[in-house]
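Q: I have just opened this one and do not know my way around yet. Could you walk me through it, beginning with a single residue and widening out from there?

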Amino acid sequence: MKTKKTVIAFGDMRLGKDSNRSKRTPTVRKDKNAIVPVDRFPISVGGRPRIETGASAVADLGVPIIARPSLAEREALDRIDLSVELAPARGAHERGLRLANPVMVASGTFGYGVEYGEVVDVQRIGAICCKGTTLRPRAGNPPPRVTETPGGMLNSIGLQNPGVDAVIEKYGSVWQGWKVPVIVNVAGESIEDYVEVARRLDGVPGVAGIELNISCPNVGKGGLQFAIDRDAARAVTAAVRRATELPLLVKLSPNVADVRPIAKAIEDAGADAICAINTLSGLAVSADRTRAFLGNTYGGLSGPAIKPVALRVVYEVAQVVSIPIVAIGGVTSLADVLDFLACGAVAVQVGTAIFADPELPVRLGDELRAECLARGLSSYAPLVGTALPKRAGASSAKGAEYRP
Ligand SMILES: Cc1cc2nc3c(=O)[nH]c(=O)nc-3n(C[C@H](O)[C@H](O)[C@H](O)COP(=O)(O)O)c2cc1C
């Protein structure tokens, strides 16, 4: 993402009749690029392979430095257990959903995995959530569909996809041969849509699980999103649970006042795990300021700008559910991963940052491993939930941040 310069000119209208002020030199605001590709593991001084541990292992960005580890160091790293279980074994799905490491890629930012085969060792990613898949093919929204924003981007792709049957036919056999679990992100406009897609995916070799994207308008409820209504969220989760024994993850929207009852309803309805968060609803204005910029008017905001919101949602949800939480929102560094773990997530997904650095998810897995080694841990479990309060606190929806 490029650094942008924004000229803020003060016109007469805003400054009234004070002509001296209206002639002021315009202020130039520089929006710093928030998604910066990080160099690969820095090479050790003098060329000697090493892994730094302790305080010196953490570079300015909080990234542990691993430079061509020796065999002994490699073995020590390999002994660290990064595996995580997101769903228990159920029926024919006797393996449940166990990831070799907790760094996944987010739906819509990594295609179907095959597109990145040339650039990334996809088998080393914790899991791939593929592009949102619907019952019938969808052409998506009119352009423009994306625009950069300070610290992130807005997108209104509109769930462009070839439909579930084509996805199964085109990618199922490829995924079957992969070590990395592929989770199909499912979208729909009615409970029947979701159920039918889930049924078709059930038993397909290569499909390791389903992630329900419930941030779609529910035609039966006048266009209201499933994700913003507790009863609708419960109903769609329960219906899909009945339709399939596949590991079932449900993805929350941040566009609600209080996310906790919705998360609880999803857990009660039988979800194996909760993913949080999807994009925040946003808007950009055209350059001539005569209309909204995106063809679809509204778009979903993602990237580092939304990380504090995602942290807040994960923090709140972790206090009311006991199923695993997968954090999503603005992950660009190991520090972000550690923050989400501290707030109760057991895994993370990397989304927007992949556009700047497709290798980031794999590198974050390596960095988490090195971090555990540096801290003398055999797994990352002790890093989970360390920032959570002892007792569940008030929801942010109660205006806690404005309390005098
Ligand atoms: C271009 C783009 C397309 C996306 N498509 C989907 C999608 O099809 N289904 C879905 O559940 N989320 C989709 N998302 C949301 C991401 O999976 C993720 O929840 C969100 O971007 C926040 O993570 P991030 O800040 O790391 O990008 C999309 C995001 C982007 C940027």
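Q: Let's start with L159: buried or exposed, and why?
A: This is a predicted model, and in it L159 counts as buried because it has 20 C-beta neighbours inside 10 Å, and 20 or more is what the label requires.

Q: Where does L159 sit along the chain?
A: L159 belongs to the loop between β10 (152–155) and α4.

Q: What is its phi like?
A: The phi of L159 is positive, about 55 degrees, although the residue is not a glycine. Most residues other than glycine have a negative phi.

Q: Which other residue that is not a glycine has a positive phi?
A: R289 has a positive phi of about 60 degrees, and R289 is placed in the loop between β17 and β18.

Q: And is R289 buried or exposed?
A: R289 counts as exposed, because there are 7 C-beta neighbours inside 10 Å and the label applies at 12 or fewer.

Q: Back to α4, what does that helix look like?
A: Helix α4 covers residues 164–176 and bends by about 40 degrees at K170. Its buried residues are V164, V167, Y171 and W175, and these pack against β11 (182–186) and α5 (191–201).

Q: What about S173 in that helix, buried or exposed?
A: S173, which is found in helix α4, counts as exposed because it has 12 C-beta neighbours inside 10 Å. Its C-alpha atom is 9.0 Å from that of V204, a residue 31 places apart from S173 in sequence.

Q: Changing topic, which peptide bonds are cis?
A: One cis peptide bond joins P143 and P144, with an omega of about -10 degrees, and another joins A276 and I277, with an omega of about 20 degrees. Most peptide bonds are trans.

Q: Where do P144 and I277 lie?
A: P144 is in the loop between β8 (127–129) and β9 (146–149), while I277 is in the loop between β16 (273–276) and β17 (280–283).

Q: Who does L280 touch in β17?
A: L280 is found in strand β17, and, apart from neighbours within four places in sequence, L280 is in contact with P254, N255, G300, L301, I306 and V309. L280 counts as partly exposed because it has 19 C-beta neighbours inside 10 Å.

Q: How far is L280 from L301?
A: The C-alpha atoms of L280 and L301 are separated by 4.9 Å, and the two residues are 21 residues apart along the chain.

Q: What surrounds L301 itself?
A: L301 lies in strand β18 (residues 298–302), where it is buried, with 23 other C-beta atoms within 10 Å. Not counting residues up to four places away in sequence, L301 touches T149, G152, L154, T279, L280, G282 and I306. T147 is 154 residues apart from L301 in sequence, and their C-alpha atoms are 9.6 Å apart in space.

Q: What about the core, which residues touch the most other members?
A: The largest nonpolar core has 102 residues, and A276, V314, V326 and V348 touch the most other members. Leaving aside neighbours within four places in sequence, V326 is in contact with L86, M104, L249, A273, C275, A345, A347, V348 and Q349.

Q: There's a ligand as well, so which residues come nearest?
A: There are 25 residues around the ligand, and of these G108, G132, S302, G351 and T352 come nearest. By class, the shell has eight nonpolar, 15 polar and two charged residues.

Q: Zooming out, how many helices and strands are there in the protein?
A: The protein has 11 helices and 20 strands. Buried residues make up 43% of its 404 residues, and, among contacts with a separation of 6 or more, 69% are between residues 24 or more positions apart.

Q: And the confidence, what is the average pLDDT?
A: The average pLDDT is 86, and 83% of the residues score at least 70.

Q: Where does it stay under 50?
A: Residues 1–31 stay under 50, and the model has 27 contacts beyond four places in sequence for them. Residues 37–63 also stay under 50, and for these the model has 42 such contacts. Where pLDDT is low, the predicted coordinates should not be read in detail.

Technical notes
Residues numbered from 1 in each chain as written. Predicted model: local features only at pLDDT ≥ 70, side-chain atom pairs only at ≥ 80, totals over all residues. Helix = DSSP H or I, 4+ residues; strand = E, 2+ residues; numbered from the N terminus. Contact = placed C-beta atoms within 7 Å. pLDDT = per-residue confidence, 0-100. Near = placed C-beta within 6 Å. Nonpolar A, V, L, I, M, F, W, Y, C, P; charged D, E, K, R; others polar. Bend = angle between axes of the 7 residues up to and from the residue. Core = buried A, V, L, I, M, F, W, Y, C linked by C-beta atoms within 7 Å.
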